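Please open the model in your viewer and keep the sequence panel beside it, since this tour moves from one selection to the next.

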Amino acid sequence: MNIEDVRAFVAVVDNGSVGKAALRLNLTQPAISRRVQRLEESLGVTLLDRISKPARPTRAGESAYQRCLAVLRATDELTRETGAALPAVPLRVGLSYAISECIFAPALEALHRLSPAISLRLVADGSPQLRKAVADGTLDAAVVAAHPGRVPEGPRALALGEERVAVVIAKDADVPSTASIADLAGHPWVINPDGCGFRAQLERALADKGAPLNVIAETWGNSLQLNMIARGVGLGLVPERLVRVSAYRERLRIVDVRSFRPKLSVIMVRGEVLPVFDKALDEMAEAVKTVLAETQTRPRRMASAG
């Protein structure tokens, strides 16, 4: 078995296609294909379903992928002990859907600035799924959302701060700039899908006033939500800093809703990783902490986002 064949197979799975794996390893696509075929011949199994487009790992390939990762990580440890510094596999980090747009850019910039040689693979999913992936070893770490004030569970979990969102509307919408939850009853909302902690807090607040949440559109992605909100489709819950930098900020307004300050705790959970990855994760954690801390020190109320 050739370690470079193992590396090629892992690159195909990580990057989702032979073409992207070739770019990642600076090889031609035929070279990647030959390496994967050699590995299949040496193992006596088919690792990739080549009928699907892009190619996906077979059931045997999924099992082999985990073992190949272990082989490459063992290789990393050996090369590190003998003086080499770069890991052979990417750092795999998960980001919660609810906060991914807010922390993606600063986390990525910190990693590229301080650890430019490390390859990064980012995955967005719900917080429960990300926690499970870290526990299963399919992710090295994840930045997840939790109920406000929840103490991080486990020795490798770190509280990074709190994420807050504001009620956002179109600038000319018929809603006062200072309002109560009762004033928002009956209005349509453009909001994250069910399972989002911010949405759950809004639903509880409206339910206390005897009003249901009127969802007119649900989607992950604050940029798309802000586009729809600016067009007057409905109200939304969006982090203020994303409103301030939005291309639609001149057409948006933030409502100060009395006694309603939705927030979530942001936590980084880690698996057992190489020391070089631990350092990179420390850098990402500090970047996210800085972003969240800046949000807390800014005045919350803005009559408009312009």
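The stops below visit a helix pair, a sheet and several salt bridges in what is a predicted model.

Begin by selecting helix 2 (residues 18–25) and helix 3 (residues 29–43), whose axes come within 8 Å and cross at roughly 105°; angles of 65 to 115 degrees count as roughly perpendicular, and the two helices are therefore roughly perpendicular to each other. Show side chains here, and you will find V18, G19, A21, A22 and L25 of helix 2 meeting Q29, I32 and S33 of helix 3. The residues of this contact divide into five nonpolar, three polar and no charged.

Next, select the open sheet of four strands, which has the order 8-12-7-11 with mixed pairing, and whose edge strands are strand 8 (178–179) and strand 11 (236–238). Within the sheet, strand 7 (residues 166–170) and strand 12 (residues 252–257) run antiparallel and are joined by four bridges, and V167 has V255 in strand 12 as its bridge partner. Add helix 9 (residues 222–230), which lies across strand 7, strand 11 and strand 12 and runs at about 140° to strand 11.

Now turn to the salt bridges, of which the structure holds 19. Select D140 and R92, whose side chains meet at 3.1 Å, N to O; D140 lies in the loop between helix 6 (127–136) and strand 5 (141–146) and R92 in strand 3 (residues 91–96), so the pair ties together parts that are 48 residues apart in sequence.

Finally, select E163 and R241, which form a salt bridge with the closest N and O atoms 2.8 Å apart; E163 is in strand 6 (residues 157–164) and R241 in helix 10 (residues 240–244), and both residues are buried.

Terms used
Residues are numbered from 1 along each chain as its sequence is written. This is a predicted model: local features need pLDDT of at least 70, side-chain atom pairs count only at pLDDT 80 or more; totals for chains, interfaces and linings use all residues. Side-chain values use heavy atoms; hydrogens and water are left out. Axes are lines fitted to C-alpha atoms, for helices over the stretch in contact, and angles run from 0 to 180 degrees between N-to-C directions. Angles under 35 degrees count as roughly parallel, over 145 as roughly antiparallel, 65 to 115 as roughly perpendicular and the rest as oblique. Contact means heavy atoms within 4.5 Å. Ala, Val, Leu, Ile, Met, Phe, Trp, Tyr, Cys and Pro count as nonpolar, Asp, Glu, Lys and Arg as charged, and the others, Gly among them, as polar. Two strands pair if DSSP finds at least two bridges between them. A salt bridge is a side-chain nitrogen of Lys or Arg within 4 Å of a carboxyl oxygen of Asp or Glu. Buried means under 20% relative accessible area, exposed over 50%, partly exposed in between (1.4 Å probe, protein chains only).
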